Amino acid sequence: MSEISKVGIEKIGLYIPKYYVDLVDLAEKRGVDPNKWTIGIGQEKMSVIEESEDIVTMAANAANKILTEEDKKAISQVVFATESSIDFSKSAASQVHRLLSINKFAKSYEVKQACYSATAALLNAYNHVKLNPEEKVLILSSDIASYGANSGGEVTQGAGAIAVLVSNKAEILELSGKSLALTYDCYDFWRPSYREYPLVDGKLSTDTYINMFKENLEGFMEKYEDSEDSLQAFLFHLPFTKMGKKALVASKEDLGEKYGKQIDQWLDKYEDSTRLTRQVGNLYTGSLYLALISQMIYGDLEAGQEIGLFSYGSGAVSEIFTGYLAENYRDHIDVEDIKDSLNTRKEMSLDYYDEEYFKPKYIENQDREISLGEDVEGFYLEKIEDGKRYYNHR
Ligand code: COA
């Protein structure tokens, strides 16, 4: 492990919405064999939002779990990664900046490249903190993965937010500085500005993901020969829990002669990193970082070990980068809070889900007062007036 630099993830916070849809029940309602969804796709439940939640409230609630007053003074950038934007001009970052009273000299902006953008933000933050070691960067990944009722992607929906604080005190994951990205230009998943829900070519998206992983992996291993034996586990962007496994199995078929032993080891550790996604669903920009949290909670990796991370965003950009797990990294995650958030969730009735949940949220004029559930806590959306969103806290 590098002794000179400890730049990387200091803190990570997760916000999971209070409601979920049970995918066995939904499969039955849709006339699909539940095994297709629970075994073939690998999903059991998906998070769904309440009317008083949006990407801003979820991100603010995730960040509020981890930031101290000292952090708020040291943060010089608030970067909001999302593909569920609520405004084509104003960034959601400035709203979170205000809600959390982050110091006024921090710059705030939004970034986009499907599910990949939080990784671009993370690796840029790494470079920024290397040059400015006293500063911290807050990265917010917040999304509502929605494909619509009865759509092919319905089983791969989800919602939630992850806040990552990058600093020179990497208490969780010290970034190694090793990375290799890859760009394709394709329409595997896209959402033109007039559409409430994305368009997706499911087969092309899974094939592109797999092919980019293989090409990215080969390129990465050639660029960093020392990584060949050192990567103890691989974490993946997980639109559904089977996706990373499909990429590993396909890579073993094509690259098995060179990297078969390592791929077997990554397959061995793989399930630990998927347990949260199985219960929450696709977080889009936050998905890879949900896999990191899952690996930290359920896995058995040791401090100092190097792990690989594969980020993928349709359209398409992928990137492989690595990091070293910090000493006592498990102590820096609130396991109890995360388990509690999962265990106290409530099931959304399928009637409500089918009749209300998919009412247009963004595209049409949405001015309204929000009806608040009794148990709403933390940051919430109060009303939308003239297209302006007003938030409150309780
Ligand atoms: N029992 C167990 N497994 C079953 C089954 C059953 N009764 N019926 C089907 N399956 C398996 C299939 O064999 C297949 O397994 P495999 O992938 O290992 O071959 C798996 O379930 C999925 O079946 P498939 O027919 O490919 O699913 P689909 O046509 O419904 O599409 C997605 C699945 C993921 C492509 C679709 O949900 C989608 O478009 N999602 C959104 C886009 C996305 O997430 N892309 C990922 C890259 S970002």
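Visitor: Which helices supply at least two residues each to the shell around the ligand?

Guide: Helix 2 (34–41), helix 7 (202–223) and helix 8 (242–270) each do so; helices here are DSSP runs of H or I with at least four residues, and strands are E runs of at least two, numbered from the N terminus. Helix 2 gives the most, with 4 residues. This is a predicted model, in which local features need pLDDT of at least 70 and side-chain atom pairs count only at pLDDT 80 or more, whereas totals for chains, interfaces and linings use all residues. Residues are numbered from 1 along each chain as its sequence is written, and side-chain values use heavy atoms, with hydrogens and water left out.

Visitor: What makes a residue one of the 17 that surround the ligand?

Guide: One of its heavy atoms must lie within 4 Å of the ligand. Among the closest are Lys-36 and Lys-246.

Visitor: How do you know that Asp-33 makes a polar contact with the ligand?

Guide: A polar contact is a pair of N or O atoms within 3.5 Å; within protein, one must be able to donate a hydrogen and the other to accept it, and residues adjacent in sequence count only if both atoms are side-chain atoms. A polar side-chain atom of Asp-33 lies 2.9 Å from a ligand nitrogen, so the pair meets the distance limit. For Ser-205, a polar side-chain atom is 2.8 Å from a nitrogen atom of the ligand.

Visitor: Why is Ser-142 called buried?

Guide: Buried means under 20% relative accessible area, exposed over 50%, and partly exposed in between (1.4 Å probe, protein chains only). Ser-142 has a relative accessible area of 0%, and is therefore buried. This residue is found in strand 6 (residues 136–145). Beyond its neighbours within four places in sequence, Ser-142 is in contact (heavy atoms within 4.5 Å) with residues including Ile-55, Phe-80 and Thr-285.

Visitor: Why is Ser-101 called exposed?

Guide: Its relative accessible area is 54%, so Ser-101 counts as exposed. Ser-101 is found in the loop between helix 5 (92–99) and strand 5 (107–111). Its phi is near 50 degrees, a positive value in a residue other than glycine. Most residues other than glycine have a negative phi.

Visitor: What makes Ala-114 buried?

Guide: Its relative accessibility is 10%, and Ala-114 therefore counts as buried. Ala-114 also has a positive phi, of about 45 degrees, and is found in the loop between strand 5 and helix 6 (117–131).
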